Amino acid sequence: MNFTISFSQLLPLVPVMIVALTTIIVMLLVSLKRHHDLAATASVLGLNIAALWLVKDLYLKVPSADVMGLFTVDSFARVFMLMVVIASLACMTLSHAYLSKFKDNKEELYILLLASVTGAMLMVSSTHYASFFMSLELMSIPVYGMLAYTYHRQRSLESGIKYLVLSATASAMLLMGMAYLYAYTGEMSFAISAMEIVKALHEPLVVIGLGLTIFAVAFKLSLAPFHKWTADVYQGAPAPMATFLASAAKVATLGLFLRYVYTSGALVLDGVMTVLTVIAILSVFLGNLLALNQNNLKRILAYSSIAHFGYVLIALVSTDISALAAINTYIISYVLTTIGAFGVIALMSSPFNHEAEAETLEDYRGLFWRRPVLTATLTVMLLSLAGIPLTAGFVAKFMIVLQTVAVMNWWLAGVIIIGSGIGLYYYLRVLAVLYMAPIDKPNLDAEKHWGKTAGGIMVLVAALLVLVLGVYPEPMLKVAEFAKIEVLQ
């Protein structure tokens, strides 16, 4: 086997290399001189260059390319990479303000975040079990440190440790599943091993291997019944890092999972379809029902995310690859709303003002009377998550229901409608708190001029996009339709 690699072969991965190079540059800058603003600026600059490169490739419709048989950089990979980079930029802008009063070293957070983004970008283009695992771990391992970064807060340290232990368990499960599949097929490429999987629909090694692999990814996506860790980890994590986990990390994992199930032959097995259907239904109902009695906004959003990925899974099992456009639409909407909702929490919080962040509903009581624009922003995000018309969330949920109904899968469409009805209750419950009579002395509050900060501008832009795409969804639908998975041999 020839292991010679030329730059032309790696050219499709230039955006990933830009982020990786930025990681090294920030590391060198930190070693020479600790300066929070310098590290943050270099990190943001690197991500912006990567984003512009991806936009250029998408605009010019650069052909799909295979990289060493490990990655396929197609329109699907580029769109998902761009979503990861945008979500990560949002997290960085929130982190800069959030860490302004942090008493210890701040710069290492950007190194961890950039390393995780590198792994996330590689995940969505992986077409080989080796790149599948390596990129997933490159994304996950820095997250352990990011979640526990404000270690003075007990819940933050607990969050990092919980995610470390449970994520390691999922990784072991994933490796075992890959081992079973390799033992039978003798291949590591998704597309090539799919040929053997299709021939052996009921082979025990294949069934067990696919099952373990799907369960491991279901953990990373916090799908039921592998969801138990989600609320505790979100609650304990620093608000900007919870944003990253809920947006960039989830998008990358879902992108990897979609490419895997569509190219590995997994959907040919009736048993796999049944398992995915059960996971989807459990996620919708458990996610929504567990959120009903929560008084912590982070936990509400955590359980809400379980339900939202359940809706995505319903679209996946309802039909074949034609559902991809509807799924992509939903993910674009989800990223924008999640960035906005968690962004408001980050703007209201600081790691050393109090032991706890602004996460309980009591912290948001009467927020409208103190911060009307910030309240309007959070209102837009919650309405979008609920699927209310004139928001991007409504368009996305409509596409999912339309895709399900198109194949006469009425009972799964009913699951989406019932789940959305349950979700509407707890979203409106949060909204009611925002407009209640204010308390005299709030424990936590956003800065008076929050809208002039980088994080505040980012949140406002996200809210504006959610509204614009709800009224005029054509750009979102075109991007979703353009992002197609290709199999290159």
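Reader: Is N288 buried or exposed in this structure?
Author: In this predicted model, N288 sits in helix α12, which runs over residues 270–291. Its relative accessible area is 1%, and since a residue counts as buried when that value is under 20%, N288 is buried.

Reader: Which side chain shares a polar contact of 3.2 Å with the side chain of N288?
Author: A polar atom of the N288 side chain lies 2.9 Å from an oxygen, but that oxygen belongs to the backbone of V284, so a pair of side chains has to be sought elsewhere, with N and O atoms within 3.5 Å of each other. Once neighbours within four places in sequence are left aside, the residues in contact with N288 include A307, G419 and Y426, as well as Y311. The side chain that makes the polar contact of 3.2 Å with that of N288 is the one of Y311.

Reader: Is L112 buried, partly exposed or exposed?
Author: L112 belongs to helix α5, residues 108–123, and, apart from neighbours within four places in sequence, L112 is in contact with P142, G145, M146 and Y149. Its relative accessibility is 26%, and because values between 20% and 50% fall in the middle class, L112 counts as partly exposed.

Reader: About how much accessible area does the nonpolar surface patch that holds L157 have together?
Author: L157 is found in helix α7, residues 154–185, and is partly exposed, with a relative accessible area of 39%. It forms a nonpolar patch on the surface with Y151, I161, L164, V165 and L166, and together these residues have an accessible area of about 510 Å².

Methods. Residues numbered from 1 in each chain as written. Predicted model: local features only at pLDDT ≥ 70, side-chain atom pairs only at ≥ 80, totals over all residues. Heavy atoms only, no water. Helix = DSSP H or I, 4+ residues; strand = E, 2+ residues; numbered from the N terminus. Buried < 20%, exposed > 50% of the residue type's maximum accessible area, 1.4 Å probe, protein only. Polar contact = N/O pair within 3.5 Å; in protein donor to acceptor, adjacent residues only side chain to side chain. Contact = heavy atoms within 4.5 Å. Patch = residues over 30% accessible without salt bridge, like charges linked within 9 Å, V, L, I, M, F, W, Y side chains within 5 Å. Areas by Shrake-Rupley, 256 points an atom, 1.4 Å probe, with all protein chains shown as cover. Salt bridge = Lys/Arg side-chain N within 4 Å of Asp/Glu carboxyl O.
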